[in-house]
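This report introduces a protein structure to a reader who has not met it before. It begins with the strands and then turns to the side chains.

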Amino acid sequence: MEIVSVVDTVKMKAISNLKRMKKIAKKTPKVGDLIEHTCTLNGKFEGKVVQLLSMQFVYETANGHRRFCMFREQWKFKE
């Protein structure tokens with residue numbers, strides 16, 4: 001493999017990662033937002049966002065339990 005083709009491959013991967021991150025960043029809660037998270041295994045949970053991580057956030061339920069949710073998972077803002 002030539003150096004030029006390796007560089008082009010790296011550039012293409014970087015561009016696709018940027019596009020993916022922009023899609024995720026459009027739907028990012030802020031600390032203090034109320035959300036509803038639908039988990040396919042455990043059902044629906046509501047809570048307040050307490051921490052943001054790189055690809056997920058942490059929210060606290062009314063019972064005091066802390067749960068994790070990936071940005072790409074099924075969740076929505078609550079009013």
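## Strand pairing and aromatic contacts

A hairpin joins β1 to β2 through three residues. The model described here is a predicted one. Strand β1 covers residues 34-39 and strand β2 covers residues 43-52; the two run antiparallel and are joined by six bridges. Within this pairing, C39 stands opposite G43 of β2.

Strand β2 continues into β3 by way of another hairpin, which also has three residues as its connection. β3, made up of residues 56-61, pairs with β2 in the antiparallel sense, over five bridges. Two of the residues of β2 illustrate this register: K48 has E60 of β3 as its bridge partner, and L52 has F57 of β3.

On to the next pair, β3 and β4 are again antiparallel, with five bridges between them. Here Y59 has R67 in β4 as its bridge partner. Four residues lie between the strands in the hairpin of β3 and β4, and G64 in this hairpin takes a positive phi near 90 degrees.

The three pairings described so far are set out below.

| Strand pair | Sense | Bridges |
|---|---|---|
| β1 and β2 | antiparallel | six |
| β2 and β3 | antiparallel | five |
| β3 and β4 | antiparallel | five |

How are the strands ordered in the sheet? The sheet is open and consists of five strands, arranged as β4-β3-β2-β1-β5 with antiparallel pairing. The edge positions belong to β4 (66-70) and β5 (75-77); each has a single partner strand, so one side of each is left without a neighbour in the sheet. From one strand to the next, the twist averages 40 degrees. In general, the strands of a sheet pair through backbone hydrogen bonds, in either a parallel or an antiparallel manner.

Strand β3 also holds T61. Is T61 buried or exposed? Its relative accessibility is 12%, and T61 therefore counts as buried, the cut-off for that class being under 20%. Leaving aside residues up to four places away in sequence, T61 touches E46, G47 and R67. R67, already mentioned as the bridge partner of Y59, also lies over the face of F45, at 3.7 Å from the ring centre.

The aromatic side chains form a further theme. The count of aromatic pairs comes to four. One of them is formed by F57 and W75, which meet edge-to-face at 5.2 Å centre to centre, with 70 degrees between the planes. This pair links distant parts of the chain: F57 belongs to strand β3 and W75 to strand β5, and the two are 18 residues apart. Both F57 and W75 are buried.

W75 also forms an aromatic pair with F77, likewise edge-to-face, at 5.1 Å centre to centre and 75 degrees between the planes. How do the two partners stand with respect to accessibility? W75 has a relative accessible area of 4% and is therefore buried, whereas F77, at 44% relative accessibility, counts as partly exposed. Burial requires a value under 20%, and exposure one over 50%.

Which residues make up the aromatic cluster? F57, Y59, F71, W75 and F77 form one such cluster. Among its members, F57 is the bridge partner of L52, and Y59 is the bridge partner of R67.

Notes. Residues numbered from 1 in each chain as written. Predicted model: local features only at pLDDT ≥ 70, side-chain atom pairs only at ≥ 80, totals over all residues. Heavy atoms only, no water. Pairing = 2+ DSSP bridges. Axes fitted to C-alpha atoms, helices over the stretch in contact; angles between N-to-C directions. Buried < 20%, exposed > 50% of the residue type's maximum accessible area, 1.4 Å probe, protein only. Contact = heavy atoms within 4.5 Å. Phe/Tyr/Trp six-rings, centres within 6.5 Å; stacked < 30°, edge-to-face > 60°. Lys NZ or Arg CZ within 6 Å of the ring centre and 35° of its normal.
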